[in-house]
Amino acid sequence: MNIASNDPNFIGDRAIAGPGNLQPTIGTGNIIYAQAGLLLPSQSEKPKIRIQPFAAYTHKSFEAFDKSSSQFDVGANWLIDGHHAKITTQYSTRPVYTSPTESPKSKGEFIVQFHIYL
């Protein structure tokens, strides 16, 4: 789900999923996913900026890998003037499999998004 290209000068262990921030997302096995968020302050106060902190947890157990993986996501949506603009900040851990028989390593990524509705 991410277009990336291999660096021919890279000499470390290559991820099975490929380059970039790719990760196993579908396959035969089980995925457990849970998320929670809270929008602050309440709508009755009519604020210009509202904050929505959120967290998510994913546990993946695919038949192709001997070891399962877990990942966490935490972040916040910053809603500006209702839903006319939104900034999202998020930190995520992600599994990196370099072998089907070894436990995955964990890498982190920080994501910033901006959405605008006219």
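This briefing covers the sheet, the salt bridges and a surface patch of one protein model. The model is predicted, with a mean pLDDT of 88 for the protein. Its five strands form an open antiparallel sheet in the order S1-S2-S3-S4-S5. Two salt bridges are present, and Val-74, Tyr-91, Phe-110 and Val-112 make up a nonpolar patch on the surface.

**Confidence**

- In the protein, 96% of the residues reach a pLDDT of 70 or more.
- Confidence is highest in S1, at a mean of 96, and lowest in S5, at a mean of 93.
- Where pLDDT is low, the predicted coordinates should not be read in detail.

**Sheet**

- The strand order is S1-S2-S3-S4-S5, and the sheet is open with antiparallel pairing.
- S1 (29–37) and S5 are the edge strands, each pairing on one side only.
- On average, neighbouring strands of this sheet are turned by 15° against each other, with direction ignored.
- Strands of a sheet pair through backbone hydrogen bonds, either parallel or antiparallel.

**Strand pairs S3/S4 and S4/S5**

- Strand S3 (residues 69–80) and S4 run antiparallel and are joined by eight bridges.
- Within this pair, Gly-75 has Gln-90 in S4 as its bridge partner.
- The hairpin of S3 and S4 has four residues between the strands, and Asp-81 takes a positive phi near 55° there.
- Strand S4 (residues 85–96) and S5 also run antiparallel, and twelve bridges join them.
- Two bridge partners in S5 can be named: Lys-107 for Arg-94, and Glu-109 for Ser-92.

**Salt bridge Asp-13 to Lys-105**

- Asp-13 and Lys-105 form a salt bridge in which the closest N and O atoms are 3.4 Å apart.
- This pair links distant parts of the chain, since Asp-13 belongs to the segment before S1 and Lys-105 to strand S5, 92 residues apart.
- Asp-13 is exposed, at a relative accessible area of 54%, whereas Lys-105 is partly exposed, at 42%.
- The cut-off for exposed is over 50%, so Asp-13 at 54% counts as exposed.

**Salt bridge Asp-81 to Lys-48**

- A second salt bridge joins the side chains of Asp-81 and Lys-48, at 3.2 Å from N to O.
- Asp-81 sits in the loop between S3 and S4, and Lys-48 in the loop between S1 and strand S2 (49–62), so the pair ties together parts that are 33 residues apart in sequence.
- Asp-81 is partly exposed, with 38% relative accessible area, and Lys-48 is exposed, with 58%.
- Asp-81 thus appears in two roles: in the salt bridge with Lys-48, and as the hairpin residue with positive phi.

**Nonpolar surface patch**

- Together, Val-74, Tyr-91, Phe-110 and Val-112 offer about 420 Å² of accessible area.
- One of the patch residues, Val-112, is in strand S5 (residues 105–116).
- Val-112 is exposed, with a relative accessible area of 55%.
- Strand S5, which holds Val-112, is also an edge strand of the sheet.

Note on methods. Residues are numbered from 1 along each chain as its sequence is written. This is a predicted model: local features need pLDDT of at least 70, side-chain atom pairs count only at pLDDT 80 or more; totals for chains, interfaces and linings use all residues. Side-chain values use heavy atoms; hydrogens and water are left out. Patches are made of residues with over 30% relative accessible area and no salt bridge: like charges are joined within 9 Å, nonpolar side chains (Val, Leu, Ile, Met, Phe, Trp, Tyr) within 5 Å. Accessible areas come from the Shrake-Rupley method with a 1.4 Å probe; for residues, only the protein chains shown count as cover. A salt bridge is a side-chain nitrogen of Lys or Arg within 4 Å of a carboxyl oxygen of Asp or Glu. Buried means under 20% relative accessible area, exposed over 50%, partly exposed in between (1.4 Å probe, protein chains only). Two strands pair if DSSP finds at least two bridges between them. Axes are lines fitted to C-alpha atoms, for helices over the stretch in contact, and angles run from 0 to 180 degrees between N-to-C directions. pLDDT is the predictor's confidence in each residue, from 0 to 100.
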